[in-house]
Every structure is written in structure tokens, then in C-alpha cells.
Amino acid sequence: MKNKIFFIAEAWVNHNGNISLAYKLIDEAKKAWADAVKFQTFKAEKLVTQEWKMADYQKKNLWIKESQYSMLKKLELTYNDFVELKKYCDKIDIMFLSTPHSSFEDIDFLNDLWIRYLKFGSGDLNNIPFLKHATKFNKPLILWTWMSYLEDIEYTIKNIKSVWNDNITVLHATTNYPCPFDEVNLNAMLTMMNKLDVNVWYSDHTLWWEVPILSALFWAKIIEKHFTLDNNMEWPDHKASADIDMLKIIISKVRDIEKWIINIEEVKNILGDKYDLIMWSSEKKPNESELEVMKLIKKSIVL
């Protein structure tokens, strides 16, 4: 890693299924001094049934009624698209990452692209065969953990380590999209650091700079932040992402922390009452708002 804190600019599906927008997202992540830019690799027909409904936050942000399948189908990029995006990232010297999201085939494809890390969404934390398949490639694994109890994470880590005992990182994260301060529960990240025998860092879904900066001050060595070219673009996740200016502010402050220009007491004074609200509970468990989303996002067996 070039920097002490590895910053992932999460482009997600904010390219709207348009590869030209994906290139622009890469360029902006590079200008903001992110270490990596990350996408999602999936095929809608292998991810959800055609009748499956949207999550509530997606309906709220999009203001239209559409099935999860039809929405995701419009947000797909092809494997060939990702080959070209990876080449472009290599050319301008920013790390390309993507989450394999729908099938074993996605994992195999991304491994063949020679990506350095395999990162998995919270919906796959309970998908043990999927994660065990990924261990065959001997790449560091990064796991999202929103919608999860500490016991869920411990169970998954135990199963992975039964076949592969190497570099595992879990990212504390919470939803909604965007996530309000009183659902961040950053103290839960500290609990995970104390309880889990793996790396524990942070993925942020709030709209501002406060929580990523606090996570860096509490020793997070990987920070992920969702970003978009424009919060007013169509599709739900743009409204839950940082715009380019905010992304640059966050990464700039993270780099200041690396140089010891910002300290915890200074940030506490700036945040005031918001500090206690952000830190809140030390218990790692789903927020109430996540319980309904779990039914839509967690993987399950379908006949």
C-alpha cells in the first residue's frame, strides 16, 4: 500500500450501466487520491428472481415502482467492460476492485483479471460455499458486515479458516442508504477489533466527512466511501453517495490524519454532541432499519 490508510472509492453501480460514466468515476477517484476504485460484478438473472421487489430505501430514493431484477438489469456492465476498465485503471495507476456479486463465475472472472483483493458484500456473509470458493485463489478477502450480528461474523470467519487461514478483513458498516448518525454505531467497530482475530476496518454510508475521519482516528487502515458524479442522477444509490467535492474533502482529511495533522480531541471538539451519537452502541447487531432489508439482500436457497 502506498498510504498508511488504504482508501477505496466505491463507485458501486453509480455508472448507471454506462461504461463512459464508469471511466469518469475512475478519473475522479484518481484525482481525489483514492488508492482504489471499486465496482460490482454481477448478472441480474443469477442474482435475483424476476419478481423480487426493491428495498425500501431504493423505492424512497428512486420514486418509482420497479422490480429489483429490472433495476439491476439496467445497471449491469459486461465482463468485457470490466476487462477494459481494469486496463484503464492499470494505465493511470489506481487499483481496480470489484465485488463478485451473483455467481462463482464472477469470482473466477475477477481472479483471472489479476485483482489483488476479493471483496464481498454483506448479502454473501452467510454464503459459505461462495466464500470458500474464493479461498482457492489465495487472495486477501474483504467482507462487508452490515445486517449482521457479531455471532454471524464469527461463524463465517470460522468456516473460512477451516479451509484457508490467511489475510481476512471485515468492514464494519451499517445501512440505511444514506445512514443517519444514530445508526453508525462506530463503537461496534471497536468491539469487533477486540473480539475478532482478523483485520477490522470501516465502510461508510453517511453523506458527510465526520464518520470516515473518526474511523481513521480509531485505527481503521482501510476506509471505503460510496461516491457519485452527481447526487441528482437517476437510480437510488446516487442520493446515498458522496459527491466528488465531498470525496476529495474526506480523502484530504484522511491523509492529514496519516501525517498527524488532525487528532481525536480536535475532532471531538468539532463534532460536539454528534460524537456520542456516532459512537453510540458497542454491540454489533443489525439496526432496526436493517431487519427488513435483510430479507431482500441476504442470500438464500431458492427452488
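In the predicted model examined here, strand 1 (residues 6-12) and strand 2 run parallel to each other and are joined by 4 bridges. Between these two strands the chain passes through helix 1 (residues 19-31), and the resulting β-α-β crossover from strand 1 to strand 2 is right-handed. Within this pairing, Glu-10 has Lys-38 of strand 2 as its bridge partner.

Strand 2, which spans residues 36-41, is mostly covered, since 6 of its 6 residues are buried. The side chains of this strand can be sorted by direction: Ala-36, Lys-38 and Gln-40 point one way, whereas Val-37, Phe-39 and Thr-41 point the other way, and all of them are buried. Strand 2 also pairs with strand 3 (residues 95-100), again in the parallel sense, and here 6 bridges are found. In this second pairing, the bridge partner of Val-37 is Phe-96 in strand 3.

These pairings belong to a wider arrangement, an open sheet of 8 strands that follow the order 3-2-1-8-7-6-5-4 with parallel pairing. The edges of the sheet are formed by strand 3 and strand 4 (118-120), each of which pairs on one side only. On average, and with direction ignored, neighbouring strands of this sheet are turned by 25 degrees against each other. As a general point, the strands of a sheet pair through backbone hydrogen bonds, and the pairing may be either parallel or antiparallel. At the edge formed by strand 4, the pairing with strand 5 (residues 141-144) is parallel and extends over 3 bridges, with Lys-119 standing opposite Ile-142 of strand 5.

Helices are also found in contact with the sheet. Helix 6 (residues 128-135) lies across strand 3, strand 4 and strand 5, and the direction of this helix makes an angle of about 170 degrees with strand 4. Helix 10 (residues 244-258) likewise packs on the sheet, where it touches strand 1 and strand 8 (222-226), and the direction of helix 10 makes about 165 degrees with that of strand 1.

Helix 6 has a helical neighbour as well, for its axis and the axis of helix 5 (residues 104-112) come within 10 Å and cross at roughly 20 degrees. Because angles under 35 degrees count as roughly parallel, helix 5 is described as roughly parallel to helix 6. The crossing in which helix 5 passes helix 6 is right-handed. On the side of helix 5, the residues that take part in the contact are Phe-104, Ile-107 and Asp-108, and in helix 6 they meet Pro-129, Phe-130, His-133 and Ala-134.

Two loop residues deserve separate mention on account of their backbone angles. Asn-138 is not a glycine, yet this residue has a positive phi of about 55 degrees, and its place is in the loop between helix 6 and strand 5. The relative accessibility of Asn-138 is 55%, and therefore this residue counts as exposed. Met-147, which is likewise not a glycine, has a positive phi of about 70 degrees and lies in the loop between strand 5 and helix 7 (150-161). With a relative accessible area of 1%, Met-147 is buried. Positive phi values are thus found both at Asn-138, which is exposed, and at Met-147, which is buried.

Definitions and conventions:
Residues numbered from 1 in each chain as written. Predicted model: local features only at pLDDT ≥ 70, side-chain atom pairs only at ≥ 80, totals over all residues. Heavy atoms only, no water. Buried < 20%, exposed > 50% of the residue type's maximum accessible area, 1.4 Å probe, protein only. Pairing = 2+ DSSP bridges. Right-handed = clockwise from strand over helix to strand, strands pointing away. Axes fitted to C-alpha atoms, helices over the stretch in contact; angles between N-to-C directions. Parallel < 35°, antiparallel > 145°, perpendicular 65-115°, else oblique. Left-handed = near helix turned anticlockwise from the far one by under 90°. Contact = heavy atoms within 4.5 Å.
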